[in-house]
Amino acid sequence: MARTFREAAIAGIGQTEFSKASKRSELQLAAECSKAALDDAGIHPSEVDGMITFTLDGSDEVHLSRCLGVKDLAYTTRIPGGGAAAVATVYQAMAMVNAGLCETVLIWRAMNERSQYRFGQPITMEAAFQPGNGTGSLLWCMPFGAQTPATWEALAAQRYMQKYGATNEDFGRLSVVQRRYASTNPAAWFYEKPITLEEHQASRWIAAPVLRMFDCCQESDGGVALVVTSLERARDLKQAAVRITGACQSIPRDNEVISNYFHRGDLADMPEARGTASRLWAQTGMKPQDMSLAMLYDAFTPVVFRQLEAFGFCGPGEAADFIKDGHIDQEGSLPVNTNGGLIGEAYIHGMNNITEAVRQIRGTAANQVRDADHALVSSGMAGAILSRD
Amino acid sequence: MSDTEQPSTMAPRLDPVITLDAKFFWDNAAKGKFVAQRCRECGSFRFPPRPMCPECHALDPEIVELSGRGTVYSFINPQHPRPVGFKDFPVVALIEVEEGFRIVSNLEGVAFEDVRPGMAVQVDFAPTMKGKQVPVFRPVGEE
């Protein structure tokens with residue numbers, strides 16, 4: 001393969017059902033979603049030559065490639081940072097295709113994150129303390145009762161509330177919008193189950209005064225896969241090519257994922273998303289107003305607020321009004337998390353928000369946005385712009 | 001999580017996870033000392049602990065006792081799932097210490113409703129299950 005620069009595209013997407021008990025192994029989920037993504041693209045599984053997942057994924061590259069009958073794997077890597085890895089997988093797949101080093105990169109993430117273990121319960125994430133996952137500072141939280149992702153997020157988001165006067169009701173309006181999207185998305189766990197703001201406000205406190213139950217993403221079982229190849233080749237495959245117009249990561253000094261308290265900046269801000277935004281806008285020459293929709297990592301509602309501001313869709317402290325004014329609705333200026341997101345559809349560690357962006361660009365989403373030309377996908381420390389070819 | 005009651009002589013609080021680079025911190029905490037690393041070359045404090053100074057790249061920092069004074073930066077009241085190691089819902093806070101870094105800890109001796117951003121606090125120590133101690137904070141002037 002000649003090592004000349006080639007544009008990259010997403011040619012295939014695949015997923016299992018999203019559930020609370022898959023009743024099969026994570027490796028089986030990985031194999032099923034990978035095969036589905038390759039079938040979607042019209043590429044034979046044996047042709048995969050690159051494999052990318054999260055450091056936290058429970059399946060082994062070799063075991064998965066054995067399921068698929070991969071004939072000669074040229075590249076593997078794993079990305080740290082918990083869910084921040086999600087869009088970084090697309091970035092690295094793009095780079096390998098750009099460099100002419102891979103032809104068919106398979107990205108997967110498969111987990112029994114409800115039936116086998118639960119991120120939302122205390123002290124179940126021993127991996128969180130181990131080097132290589134980008135989350136080692138969590139050990140400074142555990143003896144103090146900050147033992148779940150919700151508590152770690154709430155410690156930062158409470159500062160956001162102090163600074164801008166945002167309330168839990170403001171966060172609730174986002175949850176209501178996302179549950180409305182989920183209610184009309186047949187793949188969503190919360191299909192046909194919208195909530196009202198009153199129901200949000202009646203849900204129990206998880207970490208007062210920041211997060212109620214309906215501010216939190218789900219715990220889910222399921223698998224999601226993507227296939228990245230060259231734009232030129234994607235044009236000859238089964239689906240309309242979805243161009244990766246740009247992608248990047250950003251981990252500014254002293255930043256880390258989730259327990260991100262040890263940098264010098266204000267915790268009302270999200271420096272890693274701000275870094276991702278400026279790098280992405282510089283790389284592509286695009287600006288917030290060019291985006292037709294945005295898929296923003298929504299482990300918890302306040303993270304979406306800080307990303308809306310970091311990417312420049314609204315000013316600092318303005319996300320509450322931006323949402324209240326209907327900008328993120330289906331007919332708004334910037335529909336956000338149109339599958340229901342990790343809150344409404346499922347929590348496959350951010351990957352199901354990327355497949356939704358692909359469907360929007362293809363024009364096949366359950367809640368299709370009109371004239372979807374460019375979709376921003378963000379997992380905070382990584383971002384990508386996916387575009388119609 | 002277990003509902004098994006701890007014998008009353010034993011603290012229910014989880015022990016810290018101790019890594020080699022942070023052993024000095026917990027060894028000192030067990031003796032009731034709140035310490036941090038300060039670079040011998042350029043004098044800058046660093047937290048969380050690490051073997052190299054990010055400013056001048058010197059190794060072998062001094063371990064110095066801090067004033068123990070700080071202010072409340074942010075604060076939450078985790079309720080569900082119930083935090084392991086606490087009888088009541090704890091007040092978890094980020095404390096900005098006088099020496100210029102943030103640390104996760106608990107506020108004790110003050111009701112959650114009475115906590116305010118910027119509140120002046122002073123370090124104290126709380127025992128853990130296996131006889132270690134962790135730094136916690138109390139409002140200044142609280143008995």
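**Strand pairing around S4 of chain B and the open sheet of chain A**

In the predicted model, strand S4 of chain B (residues 69–78) is mostly covered, with eight of its ten residues buried. Within chain B, S4(B) is joined by six bridges to strand S5 (residues 91–97), and the two run antiparallel; Thr71(B) has Glu96(B) as its bridge partner in S5(B). Antiparallel pairing over three bridges also links S4(B) to strand S7 of chain B (residues 120–127), where Gln122(B) is the bridge partner of Arg69(B). S4(B) additionally pairs across chains: strand S5 of chain A (residues 205–208) is antiparallel to S4(B) over two bridges, and Ala207(A) is partnered there by Pro78(B).

In chain A, nine strands make up an open sheet of mixed pairing, ordered S3-S2-S4-S7-S1-S8-S11-S10-S9. Strands S3 (75–79) and S9 (293–296) of chain A each have a single partner strand and stand at the edges, so one side of each lacks a neighbour in the sheet. On average, neighbouring strands of this sheet are turned by 25° against each other, direction ignored. At the S9(A) edge, four bridges connect S9(A) in parallel to strand S10 of chain A (residues 374–378), with Leu376(A) as the bridge partner of Ala294(A).

Helix H1 of chain A (residues 26–41) packs on the sheet, where it touches strands S1 (8–15), S4 (105–112) and S7 (221–230) of chain A, and its direction makes about 130° with that of S1(A). Helix H8 of chain A (residues 271–284) lies across strands S8 (242–249), S10 and S11 (382–388) of chain A and runs at about 135° to S8(A).

Key:
Residues are numbered from 1 along each chain as its sequence is written. Chains are lettered from A and ligands numbered from 1 in the order in which they are written. This is a predicted model: local features need pLDDT of at least 70, side-chain atom pairs count only at pLDDT 80 or more; totals for chains, interfaces and linings use all residues. A residue is buried if 20 or more other C-beta atoms lie within 10 Å of its own, exposed if 12 or fewer, and partly exposed in between; C-beta atoms are placed from the backbone. Two strands pair if DSSP finds at least two bridges between them. Axes are lines fitted to C-alpha atoms, for helices over the stretch in contact, and angles run from 0 to 180 degrees between N-to-C directions. Two residues are in contact if their C-beta atoms, placed from the backbone, lie within 7 Å.
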